[in-house]
Amino acid sequence: RSSDLSSGINAEWPLRPGATIRTRKFFTNRILNRRQMVVDVIHPGKPNMSKNDLKEKLATMYRTTADVIMPFGFKTDFGGGRSTGFALIYDNLDALKKVEPSFRLKRFLAKEDKKGGRRQRKELKNRKKKVKGKKKTEMGSCKRKKKKVPTATLR
């Protein structure tokens, strides 16, 4: 367990009037280069907090940046007023990209622009269907099969 910041103690942080973040079951996972915890958000009479707000508040609580925090799995208790979920705080962005599943990365990281037009992407998809294995990854959106020029053999 970590002795820094929140070693098993409930850390509280006021969000806006009437809303509070509490962390519990804090654990430092050195193997995966992250800190993991259960997060309780108490928001009586208010709707759920957005995950971006939670990321920013956790970043200030644990003295890090918001881009290395992954909040997920939040459930609101019956009757509202309290939500409980999980948060992972990675040491750096490289560790986050290496460990986190791709569906969570797509949720939180900046979206990349799609390359090429819609028709180009469809044609690439259909060309990929015709090959197997490593060749699928080597295919680019604009690459075409080059015709082999026969070489003259000397006898």
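Tutor: Buried means under 20% relative accessible area, and this cut-off is applied here to a predicted model.

Student: Which residues are buried in α1?
Tutor: The helix α1 spans residues 51-61, and the cut-off for a buried residue is under 20% relative accessible area. The residues of α1 that are buried are L54, K55, L58, A59 and M61.

Student: Within what arc do the buried residues of α1 fall, seen down the axis?
Tutor: The buried residues of α1 include L54 and L58, and they line one face of the helix. This is so because, when one looks down the axis of α1, its buried residues fall within an arc of 160°.

Student: Which residue with a positive phi follows α1?
Tutor: Just after this helix the chain has a residue whose phi is positive, near 50°. That residue, which follows α1, is R63.

Student: Which residues touch the most other members of the largest nonpolar core?
Tutor: This core has 24 residues, and among the elements that each supply at least two of them are α1 and the strand β5 (82-90). The members that touch the most others are I21, M37, V39, L58, Y62, M70 and Y90.

Student: Is N29 buried or exposed?
Tutor: N29 is found in strand β2, where, leaving aside residues up to four places away in sequence, N29 touches R34 and Q36. Its relative accessible area is 12%, and the cut-off is under 20%. N29 is therefore buried.

Student: What does the side chain of N29 reach at 3.3 Å?
Tutor: The partner is a backbone atom, and the side chain of N29 reaches it at 3.3 Å. That atom is the backbone nitrogen of L32.

Conventions. Residues are numbered from 1 along each chain as its sequence is written. This is a predicted model: local features need pLDDT of at least 70, side-chain atom pairs count only at pLDDT 80 or more; totals for chains, interfaces and linings use all residues. Side-chain values use heavy atoms; hydrogens and water are left out. A nonpolar core is a set of buried Ala, Val, Leu, Ile, Met, Phe, Trp, Tyr and Cys residues joined through side-chain atoms within 4.5 Å. Buried means under 20% relative accessible area, exposed over 50%, partly exposed in between (1.4 Å probe, protein chains only). Helices (H or I, at least four residues) and strands (E, at least two) are DSSP runs, numbered from the N terminus. A polar contact is a pair of N or O atoms within 3.5 Å; within protein, one must be able to donate a hydrogen and the other to accept it, and residues adjacent in sequence count only if both atoms are side-chain atoms. Contact means heavy atoms within 4.5 Å. The arc is that of the directions from the helix axis to the C-beta atoms.
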